[in-house]
Amino acid sequence: SSGINAEYGHFPAFDLLQPSKRSLFCTTGSFPQEVILQFTHVLNLISLDIVSSYVKTLSLYRTVKDKPEKWEPMKTYMFEEDDANLQRNTLNLHAVTATHLKIVIAAGYGNFVALYNLDIKSKDVSSTL
């Protein structure tokens with residue numbers, strides 16, 4: 001189980017975790033923009049599928065703390081520009097452990113970018129002990 005801590009009018013950020021054509025998180029036109037995912041317990045994160053538009057540079061950070069603090073950088077990605085289609089990227093997270101995952105959009109191909117869906121593949125750490 002997970003949650004997102006942001007709200008935006010008719011498009012609540014929680015919709016990013018629900019596969020739906022209604023899902024949308026649009027930036028305010030300045031960078032960086034952040035989305036923080038909080039998990040109910042420590043997980044091994046396998047992969048992250050992101051559906052977006054106009055995202056240029058995206059970085060991931062993680063923590064295993066109870067609170068979203070002391071972030072450890074994971075990796076920075078450069079997405080290809082595609083005016084005609086949504087960007088669909090699968091990011092391999094190499095089974096890294098986390099209680100929180102921070103997604104930072106540092107730059108876009110325009111003033112505004114959008115996230116439409118986040119799909120995290122994970123395993124419960126307790127099942128691997």
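Analyst: A salt bridge here is a side-chain nitrogen of Lys or Arg lying within 4 Å of a carboxyl oxygen of Asp or Glu. The model discussed below is predicted, and a search of the whole structure finds four such salt bridges.

User: What makes the pair K121 and D119 a salt bridge?

Analyst: The closest N and O atoms of K121 and D119 are 2.7 Å apart, and because the cut-off is 4 Å between a Lys nitrogen and an Asp carboxyl oxygen, the pair qualifies. K121 also forms a salt bridge with D49, for which the closest N and O atoms are 3.5 Å apart, a value that again lies within 4 Å.

User: Which residues are joined into one network by salt bridges that share partners?

Analyst: The network consists of D49, D119 and K121. Within it, the pair of K121 and D49 links distant parts of the chain, with K121 in strand 7, D49 in strand 3 and their positions 72 residues apart in sequence.

User: Why are D49, D119 and K121 assigned to the class that they are in?

Analyst: The relative accessible area is 22% for D49, 31% for D119 and 37% for K121. Buried would require a value under 20% and exposed a value over 50%, so values in between are called partly exposed, and that is the class of D49, of D119 and of K121.

User: How do you know that E34 and K102 form a salt bridge, and what does the pair tie together?

Analyst: The closest N and O atoms of E34 and K102 are 3.9 Å apart, which is within the 4 Å allowed, so the pair counts. E34 lies in strand 3 and K102 in strand 6, and the pair therefore ties together parts of the chain that are 68 residues apart in sequence. As for burial, E34 has a relative accessible area of 42% and is partly exposed, whereas K102, with 12%, is buried, since 12% falls under the 20% limit.

User: Why is S53 called buried, and what does the side chain of S53 contact?

Analyst: The relative accessible area of S53 is 9%, and because anything under 20% counts as buried, the label follows. S53 is placed in strand 3, which covers residues 33–53, and the side chain of S53 makes a polar contact with the side chain of Y116 at 3.4 Å, a distance within the 3.5 Å limit. Beyond neighbours within four places in sequence, S53 is in contact with L86, Q87, V113, A114 and Y116.

User: How do you know that S59 is buried, and what makes the pair S59 and T76 a polar contact?

Analyst: S59, which belongs to strand 4 (residues 55–63), has a relative accessible area of 9%, and it is therefore buried under the 20% criterion. The side chains of S59 and T76 approach to 2.8 Å, so the pair satisfies the 3.5 Å limit for a polar contact. Once neighbours within four places in sequence are set aside, the contacts of S59 are K75, T76, K102, I103 and V104.

User: What makes strand 3 and strand 7 a pair?

Analyst: Pairing requires at least two bridges, and strand 3 and strand 7 are joined antiparallel over 10 bridges, with L48 standing opposite I120 in strand 7. Strand 2 (residues 25–26) is likewise antiparallel to strand 7, through two bridges, and F25 stands opposite L115 there.

User: Which residues touch the most other members of the largest nonpolar core?

Analyst: In this core of 24 residues they are L45, L48, L58, L60 and L91. Strand 3, strand 4, strand 6 (87–108) and strand 7 (114–124) each supply at least two residues of the core. Outside the four places on either side in sequence, the residues that L48 touches include L60, L91, L93, L101, I103, L118 and I120.

User: How many helices and strands does the protein chain have, and what share of the residues is buried?

Analyst: The protein chain has zero helices and seven strands, and buried residues make up 40% of its 129 residues. Among contacts with a separation of 6 or more, 77% are between residues 24 or more positions apart. The accessible surface of the chain comes to about 7400 Å², with 51% belonging to carbon and sulfur atoms.

Terms used. Residues numbered from 1 in each chain as written. Predicted model: local features only at pLDDT ≥ 70, side-chain atom pairs only at ≥ 80, totals over all residues. Heavy atoms only, no water. Helix = DSSP H or I, 4+ residues; strand = E, 2+ residues; numbered from the N terminus. Buried < 20%, exposed > 50% of the residue type's maximum accessible area, 1.4 Å probe, protein only. Polar contact = N/O pair within 3.5 Å; in protein donor to acceptor, adjacent residues only side chain to side chain. Contact = heavy atoms within 4.5 Å. Areas by Shrake-Rupley, 256 points an atom, 1.4 Å probe, with all protein chains shown as cover. Core = buried A, V, L, I, M, F, W, Y, C linked by side-chain atoms within 4.5 Å.
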